[in-house]
Amino acid sequence: RKQLASRVSTLTPSTTLAITAKAKEMKASGIDIVGLGAGEPDYNTPENILEAAYQSMKDGKTKYTPAGGLPELKDAIIGKLKTDQGLTYERNEILVGVGAKHVLFTLFQVLLDKGDEIIIPSPYWVSYPEQVKLAEGVPVFIEGTAAEQFKVTAAQISEAITEKTKAVIINSPGNPTGMIYTKEELQAIADVCREKDIWIISDEIYEKLVYDGKQHVSIAQLTEDAKARTFIINGVSKSHSMTGWRIGYIAGDASVVGAMTNLASHSTSNPVTTSQYAAIEAYNGPQDAVEVMRTAFESRMNQIYPKLSAIPGFHVLKPQGAFYFLPDVKEALEHTGFASVDEFAKALLTEANVAVIPGSGFGSDTTIRLSYATSIDQLEKGLERIEKFVKDHW
Ligand code: PLP
């Protein structure tokens, strides 16, 4: 029998999806699980968006669209980028894809030759390194330590750049870090990228989820040069609670976006037509629901943060954006005797019935990720169980 291609032999399954699946399975068998693993808002998609999708279907808009997305949706995205970022793009600089995840996948496919390097600050979103490897590229990790708010500096990026470097990924607000790069930090990074002439991949999927009066700044906003070398990656999943609709986009260099559109025409044909009509309403319709969700996440985060920080052996930075806590549990591991964060998370699920994601999948061996995109009741119950679990094993 034929073996699998070497391309997939080193592929590690997404830890996030694996734990979430296990938790769902336990829940289905009647166990009272508190799920703090999921990376999606707990709200339904806003009503006006559902209505627009339904109306488009009734109007017979159920056929193929252009591979890179409907012109009306590209215009809605162009309008959003103008309003929110003050940036001007043309339609040929936009591709709408099947979620930001698949847009990134397509970007690496058109950008990387075998051995090309992508600089990835860690802790990172699980899919970056796997997607780079699938494009025969090499992920090069640089570490953002807890002392540096899990962020990397321009100097670290500069040191990591070689002749093979194609791009650096900046994810702000970050998953799993919950941290935001300041304008000054981004400016320093943009300067290095100009000097060394590399691309910038700016994953801004959590743009709308910022707290404490903080503002999201896109690195593309800083200078003309930064705009020209940046690919903005974004979508409706987190902002409009539309994870299942699978709509994301890229904005950037027309020749790269053109190659991606070509590739999409042979892989996806187009993102789901109904979802595209829903996304037009998401961008052009009222934005109240976005703010309702943001406010709710901020309030939950503020309520839960002191309790999480009080768990023995947990050290937590207060999140600035996205919807994750990333406590460093090194001290808790030492006192409870668990050999790794994986063992800790596994026992937490089976013994205390709380699902969290071990940081190992994010390139971080001493942290666990807890999502606060769930009800305050669930969060409080989850935290009580974690605290008891830690104390019982202490
Ligand atoms: N980028 C980051 C940092 C994420 O956390 C996610 C989702 O978890 C994505 C991209 C992908 O979002 P989607 O494919 O749903 O648009």
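A residue counts as buried if 20 or more other C-beta atoms lie within 10 Å of its own, and as exposed if 12 or fewer do. The exercises below apply this and related criteria to a predicted model.

**Exercise 1.** Determine whether Phe-105 is buried or exposed, and state in which helix Phe-105 lies.

*Solution.* Begin with the position: Phe-105 belongs to helix H5, which spans residues 99–111. Next, take the neighbour count, which is 21 C-beta atoms inside 10 Å. The cut-off for burial is 20 or more; Phe-105 is therefore classed as buried. Finally, consider a contact across the sequence: Glu-130 is 25 residues away along the chain, while the C-alpha to C-alpha distance between Phe-105 and Glu-130 is 9.3 Å.

**Exercise 2.** Describe the shell of residues around the ligand by origin and by chemical character.

*Solution.* The shell holds 13 residues, and those that come nearest are Gly-99, Ala-100, Lys-101, Asn-175 and Ser-237. By origin, H5 supplies the largest share, namely three residues. By character, eight residues are polar, three are nonpolar and two are charged. One of the nearest residues, Asn-175, is joined to Pro-176 by a cis peptide bond with omega of about 10 degrees. Pro-176 is placed in the loop between strand E5 (165–171) and helix H8 (183–196).

**Exercise 3.** Trace the chain from strand E3 to strand E4 and give the handedness of the crossover.

*Solution.* Strands E3 (residues 117–122) and E4 (residues 138–143) run parallel and are joined by six bridges. Within this pair, Ile-119 is opposite Val-140 of E4. The connection passes through helix H6 (residues 127–134), and the resulting β-α-β crossover is right-handed. On the way to H6, a cis peptide bond links Ser-122 to Pro-123, with omega about 0 degrees; Pro-123 sits in the loop between E3 and H6.

**Exercise 4.** Explain why E9 and E11 are edge strands in their sheet.

*Solution.* The sheet is open, with three antiparallel strands in the order E9-E12-E11. Strands E9 (324–325) and E11 (357–358) each have a single partner strand, so one side of each lacks a neighbour in the sheet. E11 is joined to E12 (residues 368–371) by two bridges, and Pro-358 faces Ile-368 of E12.

**Exercise 5.** Classify Asp-212 and Ser-241 as buried or exposed.

*Solution.* Phi is positive in both non-glycine residues: near 60 degrees for Asp-212 and about 50 degrees for Ser-241. Asp-212, in the loop between strand E6 (199–203) and helix H9 (224–229), has 12 C-beta neighbours inside 10 Å and is therefore exposed. Ser-241, in the loop between strands E7 (230–235) and E8 (248–251), has 22 other C-beta atoms within 10 Å and is therefore buried.

Methods: Residues numbered from 1 in each chain as written. Predicted model: local features only at pLDDT ≥ 70, side-chain atom pairs only at ≥ 80, totals over all residues. Helix = DSSP H or I, 4+ residues; strand = E, 2+ residues; numbered from the N terminus. Pairing = 2+ DSSP bridges. Near = placed C-beta within 6 Å. Nonpolar A, V, L, I, M, F, W, Y, C, P; charged D, E, K, R; others polar. Right-handed = clockwise from strand over helix to strand, strands pointing away.
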